[in-house]
Amino acid sequence: MSKTVECDVLVVGSGAGGFAAAVTAASHGLSVILAEKAEFVGGTTAYSGGFLWVPNNPVSRRDGIQDSIEAARTYLRHEAGNHFNADCVDAFLANGPEAVDFFETRTAVTFEAASAFSDYHPTAPGGRSGGRSIKARNFRGEDLGDELKRLRPPLPELTFVGLMIGSGPELKHFFNVTRSLASALYVGGRLASHARDLLKSGRGMLLTNGNALAARLFRSALDLGVDVWTRAPATGLIVEDGAVRGATIGKDGGTVTVRTRRGVVLAAGGFPQDKARRQAFFPHDRDDDGHVSPAPAGNTGDGLRLGEEAGAVVEDSYPNAAAWVPVSRVPRKGGGFGVFPHFIDRAKPGLIAVLPNGRRFVNEANSYHDFVQALFAAKAPGAAARAFLVVDKPFLKRFGLGFVKPFPVPVGPNVRSGYLKTGRTVAELARNAGIDPAGLEDTVAAWNRDVRTGEDKAFGKGSTAYNRFNGDPEFTPNPCLAPIATGPFYAVEVVVGDLGTFAGLKSDGHARVLDGQGRPIPGLYAAGNDMASIMGGNYPGGGITLGPALTFGYIAGRHLAGAAAADAPARPDAA
């Protein structure tokens with residue numbers, strides 16, 4: 001069966017970019033349909049840490065942070081290098097603070113500061129040691145009512161018995177649960193509250209991180225009358241006289257033709273699960289075995305294909321086609337495996353990363369993206385991009401490792417599943433994990449010598465504000481250094497994953513998709529990972545996907561409503 005419906009705006013995809021466009025357009029009085037391919041809304045946003053990188057934002061200003069557009073522009077020019085897009089960067093810097101203010105004052109989205117969260121390269125020109133990243137406040141699932149069942153749950157590997165743990169201060173309480181009475185009381189209270197939620201509702205109800213952001217955006221869309229469709233993939237665009245006039249959507253076993261009066265926004269999450277395009281853009285994934293993405297299975301490049309069919313062009317010149325992150329494969333009961341992204345554990349004191357030859361190759365506390373770039377550079381030609389995170393018993397007891405939780409959670413199941421390799425000595429660990437024993441013994445000995453001096457002479461672990469932010473201040477003089485000396489010893493293998501793709505549709509500062517001649521395609525917009533990243537294939541700070549996603553969704557919604565000329569803030573000097 002097929003039918004035709006009309007609306008002002010159709011949004012394809014329900015991550016931060018898609019929801020931001022839908023909410024903004026609806027707030028300006030437009031009728032909006034949001035079509036999500038999956039059974040859940042939230043996209044990759046719902047799996048994420050929930051940070052948004054927005055320089056000069058009002059949330060950080062309330063926390064006493066002073067920033068400027070000029071400094072942020074200098075930083076982005078340095079980070080993007082030859083791929084600096086002045087039009088889009090200037091639009092982001094001018095409209096980002098405005099977008100944050102809009103969502104805080106006119107929707108259910110509220111933010112909290114993360115003022116100590118440093119840029120990833122704080123010593124670069126224009127870099128800052130904190131204040132550009134913010135995050136959504138926690139959200140109670142009850143506030144979505146029956147619609148909670150349509151919100152994408154978090155990655156199970158990033159929860160503890162289904163409990164979502166907030167980043168920052170809350171996570172520190174969980175690390176210190178056996179060392180601090182205050183932390184023990186806090187964690188006990190969280191677990192008790194979670195248990196009550198499970199008894200009453202069958203699931204945890206305190207949503208944190210990216211799940212909270214997705215929930216708040218979903219709530220806002222519902223409040224504004226956005227018609228949110230799920231299990232509704234976009235199958236083609238309607239192009240008439242060179243302009244996009246709508247799309248065909250699969251729904252309820254048939255096809256719905258959605259005709260739009262204003263336009264279509266593509267925000268379908270990029271292509272992390274599109275094997276063909278991934279292998280074309282990811283050199284390490286040419287054999288279909290070198291990359292493991294934690295992104296939702298439905299993120300298969302639909303938005304990019306739709307755009308190309310209408311004459312759009314995918315950016316293919318970036319030095320990195322995606323936001324890289326080291327991940328470990330977590331065996332699941334019943335077969336298969338989950339994916340654990342290693343964000344924080346690498347910076348903790350007493351962890352090193354080694355190649356199969358047992359040698360270090362990186363400052364482990366650097367950003368996940370930088371870690372993987374170093375892995376690419378260090379691995380042997382033709383070898384798989386893989387490494388091992390190595391720790392000792394005191395580290396594992398205090399911090400855990402990847403999916404392995406700290407004491408008092410037993411480690412035995414993870415050893416028996418093969419996820420966690422162990423050995424009574426460093427050499428035995430190496431043999432059990434497939435690491436060169438002599439190489440690992442030499443590396444650990446050199447590491448322990450440096451630890452005694454408080455300085456990692458080989459790679460500088462703990463030398464930047466970002467390194468130290470994720471370390472542990474109780475370890476002095478360097479919060480990222482501790483010996484690896486007390487057996488048994490442990491290791492987890494990591495391979496390459498992504499937090500989303502950078503290589504999206506070329507677009508302008510109004511979020512309009514461009515054709516091969518650089519001209520806007522009438523009626524077609526992009527946001528989120530369907531839009532080419534304004535970071536030029538690099539990763540300057542925590543939230544550089546979600547910050548621009550929210551901002552360009554906001555820009556697209558206002559432009560579709562004709563509000564841009566009336567209420568846009570002045571653009572910064574592009575000179």
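Modeller: A cavity is a set of points on a 1 Å grid over the protein atoms alone where a 1.4 Å probe fits but cannot get out, whereas a pocket is an open set with protein on both sides within 12 Å along at least five of seven lines; lining residues have an atom within 4 Å of a point. This is a predicted model, in which local features need pLDDT of at least 70 and side-chain atom pairs count only at pLDDT 80 or more, while totals for chains, interfaces and linings use all residues. Residues are numbered from 1 along each chain as its sequence is written, and side-chain values use heavy atoms, with hydrogens and water left out.

Colleague: What average pLDDT does the protein chain have?
Modeller: pLDDT is the predictor's confidence in each residue, from 0 to 100. In this chain, 96% of the residues score at least 70. The average over the protein chain is 93.

Colleague: Over which residues does pLDDT stay under 50?
Modeller: Where pLDDT is low, the predicted coordinates should not be read in detail. The stretch in question has 22 contacts (heavy atoms within 4.5 Å) beyond four places in sequence in the model. With pLDDT under 50 throughout, it covers residues 565-575.

Colleague: How much space lies in the largest cavity?
Modeller: Two cavities reach 30 Å³ or more. A volume here is the space filled by probe spheres set on the grid points, which are joined across faces, edges and corners. For the largest cavity this space is about 130 Å³.

Colleague: Which helix gives the largest share of the lining of the largest cavity?
Modeller: Helices (H or I, at least four residues) and strands (E, at least two) are DSSP runs, numbered from the N terminus. The largest cavity is lined by 14 residues, and Gly528, Met531, Ser533, Thr545 and Pro548 lie nearest its centre. The largest share, three residues, comes from residues 546-560, that is, helix H16.

Colleague: How many charged residues are in the lining of the second largest pocket?
Modeller: The second largest pocket holds about 510 Å³ of space. Of its 18 lining residues, the closest to the centre are Pro331, Lys333, Phe403, Pro413 and Asn414. Residues are classed as nonpolar (Ala, Val, Leu, Ile, Met, Phe, Trp, Tyr, Cys and Pro), charged (Asp, Glu, Lys and Arg) or polar (the others, Gly among them). By class, this lining has ten nonpolar and four polar residues, and the number of charged residues is four.

Colleague: Which residue of S13 is the bridge partner of Val9?
Modeller: Two strands pair if DSSP finds at least two bridges between them. Strand S1 (residues 2-12) runs parallel to strand S13 (residues 254-266), with ten bridges joining them. In S13, Val9 has as its bridge partner Gly263.

Colleague: Which residue takes a positive phi in the hairpin of S12 and S13?
Modeller: Strand S12 (residues 243-251) and S13 run antiparallel and are joined by six bridges, among them the one from Lys251 to Gly254. Two residues lie between the strands of this hairpin. The residue with a positive phi, near 55°, is Asp252.

Colleague: Which residue of S21 stands opposite Leu266?
Modeller: S13 also pairs with strand S21 (residues 520-526), in the parallel sense, over three bridges. Opposite Leu266 in S21 stands Ala526.

Colleague: How many residues of S19 are buried?
Modeller: Buried means under 20% relative accessible area, exposed over 50% and partly exposed in between (1.4 Å probe, protein chains only). S19 runs antiparallel to S14, with five bridges, to S17, with seven, and to strand S18 (residues 421-423), with three. The strand is mostly covered: of its 13 residues, the number buried is twelve.

Colleague: Which strands and helix do the buried residues of H10 pack against?
Modeller: The buried residues of helix H10 (residues 368-378) are Tyr368, His369, Asp370, Phe371, Val372, Ala374 and Leu375. They pack against S14 (322-331), S16 (352-354), S17 (386-392), H15 (465-469) and S19 (489-501).

Colleague: What is the omega of the cis peptide bond that joins Gly487 and Pro488?
Modeller: Most residues other than glycine have a negative phi, and most peptide bonds are trans. The bond from Phe407 to Pro408 is cis, with omega near 15°. Pro488, in the loop between H15 and S19, is joined to Gly487 by a cis bond whose omega is about 0°.

Colleague: Is Asp241 buried or exposed?
Modeller: Asp241 lies in the loop between S11 and S12 and has a positive phi of about 55° although it is not a glycine. Its relative accessible area is 81%, so Asp241 is exposed.
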